[in-house]
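Please open the model in the viewer and keep the selection panel at hand. The tour below proceeds from one selection to the next.

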Amino acid sequence: MRLPLKSGWLLVLPFLLLVGGLFLGPILNVLWISVTEPAPGFGNYAQLGSSDTLRRILWTTLRVCVMCTAFSVILGYSIAYAMVHATGPAQSRMLGLLLISFWISVLVRTFSWLMLLGRNGVVNSTLDALGIISAPIPFMRNELGVLIGMVHYMVPYAVLPIFAAMQSIDGRVVQASRSLGGSGAQTFWRIYLPMTKPGVVAASLVVFIINLGFYVIPAVLGGGKVLMVAEYISVQVLITLQWGTAAMLAAILLFGVLALMFLMSRFMKLSTVFGGART
Amino acid sequence: MTKGNGSLCLTSLSKRYGAFTAVDNVNLQIEKGEFLTLLGPSGSGKTTLLMMIAGFQDISEGDILLGGVSIAQTPAEKRNFGMVFQGYALFPHMSVHDNIAYPLSVRRRPKAEIDARVAEMLDLVRLNGFAKRLPKELSGGQQQRVALARALCFAPPVLLLDEPLGALDKKLRVEVQAQLKEIHRRVGTTFVYVTHDQEEALSMSDRIVIMQNGRIEQVGTPADLYQNPKTAFAASFLGKSNFLHRDDAVFALRPEKIDLSPEGQGMGANKVSGVVLSVTYFGAVLKYQVEVPGMDPIEVDVDAWRSGQALPQGARVDLTWADSAAVRLLDQSL
């Protein structure tokens, strides 16, 4: 027997309540705070025009996110390419290694980098012992450190959608290009890369969106020197108690992500980016 | 319009994977402008052989000469062979025009020349007006023609075709076979065609190479192979055959070369008597299975129109045939 539409809604009602109460509610609350605290109006948003600090933080966030996305996707593309062309057992091993790094807590990974790349870390002390450097290389407490940590965290997110796109390519298409006179480089730029474009776009989108909200890595590896939006929001909420500013920044992040997805949807079907069936 | 010498010479060509030999000591001369078909069941090595000619498979032993020059070490993209793949392998993100233009555009030809040539190719495969479509907007038969146009666009001396009609339905196939043959006649390129479909091989080829287990079983014109098979495999893979054992030799006898008549009325150099096991009506022919004592059941094809009423199952019949109808095979036994 088919359920009439009404009882269908009844079945998903608990889930709708959960989403509405625990997800949409708080988001609307944040948006509300951003235009009411400390005084009603768009005063918080006006700070974007007046405050150099806020502008600098947003600019840093954008710059780090773009660089991290670029490096992660390029690295991810190379890894996915190697995986697709590896034979069965080697491919499983590579996928295993990738997933292990995927599963290790971001805290563990971030502090590992601190141990490796700190002033007295393994890398600096080894180079020093070998006499290659006289002063420690400043890896940490700067954008380089944040970038290393973030790229390391994001690479698996970049690999998986690109890997899926590469797997769906028919090898005969590549052979066809070669048989028609296309060199290796021509085949890559004109055939292979365009055919993996959906995977690259998906990877960029996912990596960039996750990057925007990064908190732990910039806080630990940046050592307070690289202030990004998420960390600044937490400072506003927990220390200076300027909830209005914090809510405004959160709203900006939210709209930024939505705008990005809207932009992407103009170019391609989002369902393909997120693994839906291609039509 | 073909440039270069399209004659191919394969000498002692072999391909081994460890202990397995996919292509075993193949020697073959392919003439310029010839339509040559590699025919065999799956696993016979025909596709591996084609991939070796194309440059996608390494050669274990032997050599490939194009117009007398070895191309064994030449990478695929430098061989200038056109290729039509099983499943067509069109570039899904490019329009029909860009697909066909690809071989010229990677050779950095001027745009005017490319556009003129693409128009000419669209004309050849009768797809005028489809230039802006994407491959997924075309039917299977149309995609197949785009693949052909793309492979012929740069006037290659040799065109390699790997079961290009495999994905088409029967009716369309016959139609495309005729078109392919016509295109071959017009462009004068050497065609090397791989198929497992004997009808396709018979109807299109100048010569057929029958392959089995990586080896060449027999080479010849369609008529030559059909009338004079040398082995039981050739006789049964290309058409149907009855096998007769006489004086320690094996003979192949085509079903349509046997005359069937009611018992006592048979006249011919060779005659056996038997009982009709079954008779099946196929429109143009009646296919009889006849039980003859001491032999495997013999298959006989009879012209349904000329023979009139079919003889019923269980009828006693005489089978007769001329001496020239039975072909002695090289196989000593089966």
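Two residues are in contact if their C-beta atoms, placed from the backbone, lie within 7 Å. This is a predicted model, in which local features need pLDDT of at least 70 and side-chain atom pairs count only at pLDDT 80 or more, while totals for chains, interfaces and linings use all residues. Residues are numbered from 1 along each chain as its sequence is written, and chains are lettered from A and ligands numbered from 1 in the order in which they are written.

Select first the place where the chains meet: 15 residues of chain A are in contact with 19 residues of chain B. Next, colour helix 8 (171-179) and helix 9 (184-212) of chain A, each of which supplies at least two residues of the side touching chain B; helices are DSSP runs of H or I with at least four residues, numbered from the N terminus. Helix 8 of chain A gives the largest share of that side, six residues.

Now display chain B alone. Its C-alpha trace spans about 80 × 45 × 30 Å along the principal axes. Of its 334 residues, 37% are buried, that is, with 20 or more other C-beta atoms within 10 Å of their own.

Then select Leu50(B) and Ile210(B), two of the residues with the most contacts inside the largest nonpolar core, which has 88 residues. Such a core is a set of buried Ala, Val, Leu, Ile, Met, Phe, Trp, Tyr and Cys residues joined through C-beta atoms within 7 Å. Domain 1 (8-232) and domain 2 (243-328) of chain B both contribute to this core, so it lies between them; the domain bounds come from an automatic or database domain assignment.

Finally, centre on Leu50(B): beyond its neighbours within four places in sequence, its contacts include Leu38(B) and Val194(B).

Methods: A residue is buried if 20 or more other C-beta atoms lie within 10 Å of its own, exposed if 12 or fewer, and partly exposed in between; C-beta atoms are placed from the backbone.
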